[in-house]
Amino acid sequence: MSSRDTVKQCCARLYESDLARILLGDSFHPGGTKLTERLGALLGLSAQSRVLDIASGTGTSALFLAERFDCEVVGVDYGSHNVEQSNAAATARGLNKRVSFRIGDAERLPFPDASFDAVICECAFCTFPDKPAAAGEFARVLRSGGAIGLSDLTRGSALPEELSGLLAWVACIADAQPVDTYVRYFCNATLRVERVERHDEALLEMVNQVRTKLLGAEIMVGLKKLELPGVDFTAAKEMARLALAAVQKGSLGYAIIHAAKP
Ligand SMILES: C[S@@+](CC[C@H](N)C(=O)[O-])C[C@H]1O[C@@H](n2cnc3c(N)ncnc32)[C@H](O)[C@@H]1O
């Protein structure tokens with residue numbers, strides 16, 4: 001297996017773990033469904049839209065968009081367990097005629113050219129090892145005149161060495177890029193960037209919430225009221241501490257980028 005596949009598998013496994021659900025809830029990005037709603041509004045989603053949610057995680061955003069904007073949504077994710085659970089959630093909510101999920105790789109999307117009116121990707125592009133390939137795929141599956149909404153971690157100044165390993169990569173930190181770099185990936189994929197919005201406060205809130213929940217989980221594990229085998233709380237707390245310092249310093253932030261396919 002190539003090191004790129006290892007990164008993708010490690011990322012999928014992390015976001016299918018009990019720890020991710022405990023620390024992050026159902027929505028694995030800063031701002032939760034409030035920022036997803038903002039993305040949907042920026043893209044002008046409606047009952048006529050067919051939307052692709054790339055790296056759909058638990059399916060929370062796809063199901064939310066279908067309910068909020070009446071659109072059809074297809075989710076794609078590398079993790080088979082999350083895809084299975086997302087399809088079950090769509091059925092349980094009576095949305096399975098308009099929302100479905102399948103396994104796939106953002107760098108090689110299993111869809112024909114121009115098959116979607118809109119594409120969203122929340123808090124995942126930063127983890128893709130081949131970002132130009134992913135941006136090219138986003139543009140390929142989008143119809144002409146369609147819109148893309150990316151929300152992702154952004155990097156300001158350099159990050160400490162401790163935030164450069166595999167865990168920091170799949171935690172959306174190590175390979176976060178400056179906003180201008182994301183913009184360049186999109187422009188190189190012949191997309192036109194319409195708007196950039198900063199939402200750094202949403203990241204600050206999420207990191208603070210993760211730190212609190214980590215402490216709670218550690219206590220529960222110590223009291224044997226929760227089982228989280230293999231979780232290194234010391235390393236996790238240190239990473240969360242460094243991440244908070246980076247957000248406070250402005251070295252890490254969060255942004256939405258809205259682009260269009262001419
Ligand atoms: C931080 S979670 C975000 C999930 C979801 N977008 C959300 O905001 O709740 C990152 C997701 O990216 C997925 N992922 C990572 N690499 C991928 C790839 N190459 N193709 C598709 N999905 C991928 C992971 O499986 C995980 O579900």
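Let's start with a word we will need a lot: a residue is called buried when its relative accessible area is under 20%, exposed when over 50%, and partly exposed in between, using a 1.4 Å probe and protein chains only. What you have in front of you is a predicted model, in which local features need pLDDT of at least 70 and side-chain atom pairs count only at pLDDT 80 or more, while totals for chains, interfaces and linings use all residues. Residues are numbered from 1 along each chain as its sequence is written, and side-chain values use heavy atoms, with hydrogens and water left out.

Take glutamate 72 to begin with. Its relative accessibility is 33%, so it counts as partly exposed. Its side chain meets that of arginine 50 in a salt bridge, with 3.1 Å from N to O. A salt bridge here is a side-chain nitrogen of Lys or Arg within 4 Å of a carboxyl oxygen of Asp or Glu. Arginine 50 belongs to strand β1 (residues 50-54) and glutamate 72 to strand β2 (residues 72-77), so this pair ties together parts that sit 22 residues apart in sequence. Those names come from DSSP runs, numbered from the N terminus: helices are H or I with at least four residues, strands are E with at least two. Arginine 50 is partly exposed too, at 28% relative accessible area.

How many salt bridges does the structure hold? There are 18. Side chains of opposite charge can pair when their charged atoms come close. Another example joins arginine 93 and glutamate 67, at 2.9 Å from N to O. Here arginine 93 is in the loop between α5 (80-92) and β3 (99-103), and glutamate 67 is in helix α4 (residues 60-69), so the pair ties together parts 26 residues apart in sequence. Arginine 93 is partly exposed at 44%, and glutamate 67 is partly exposed at 43%.

Now for a pair that is tucked away. Lysine 131 and aspartate 175 meet through their side chains in a salt bridge of 2.4 Å, N to O. This one links distant parts of the chain, 44 residues apart: lysine 131 is in helix α6 (residues 131-141), and aspartate 175 is in the loop between α7 (166-170) and α8 (179-188). Are these two partners buried or exposed? Lysine 131 is buried, with a relative accessible area of 1%, and aspartate 175 is buried at 18%. Elsewhere, salt bridges that share partners join Lys8, Asp105, Glu107 and Arg108 into one network.

Let's go back to helix α4, the home of glutamate 67. This helix is mostly covered, with seven of its ten residues buried. The buried ones are Ser61, Ala62, Leu63, Phe64, Leu65, Ala66 and Phe69. They pack against α3 (32-42), β1, β2, α5, β3 and β4 (116-122), where contact means heavy atoms within 4.5 Å. Right after the helix comes aspartate 70, whose phi is positive, near 65°.

What about the cysteines? The structure holds zero disulfides, a disulfide being a pair of cysteine sulfur atoms within 2.5 Å. For cysteine 71, the nearest cysteine sulfur is that of cysteine 121, 16 Å away. Cysteine 71 is buried, at 0% relative accessible area. Cysteine 172 is in no disulfide either, and its nearest cysteine sulfur, that of cysteine 123, is 3.7 Å away. Cysteine 172 is buried as well, at 3%.

Next, the ligand. Of the 21 residues around the ligand, Phe28, His29, Ala55, Asp77 and Ala106 come nearest; a residue is near if one of its heavy atoms lies within 4 Å. A backbone N or O atom of alanine 55 is 2.7 Å from a ligand nitrogen, and a backbone N or O atom of alanine 106 is 2.9 Å from a ligand nitrogen. In the side chain of aspartate 105, an N or O atom lies 3.0 Å from a nitrogen atom of the ligand. The protein covers 99% of the 600 Å² of accessible area that the ligand has on its own, with areas from the Shrake-Rupley method and a 1.4 Å probe, and for residues only the protein chains shown counting as cover.

Last stop: leucine 24, in helix α2 (residues 18-24). Leucine 24 is buried, with a relative accessible area of 17%. Its C-alpha atom is 8.1 Å from that of glutamine 209, though the two are 185 residues apart along the chain.

Note on methods: A polar contact is a pair of N or O atoms within 3.5 Å; within protein, one must be able to donate a hydrogen and the other to accept it, and residues adjacent in sequence count only if both atoms are side-chain atoms.
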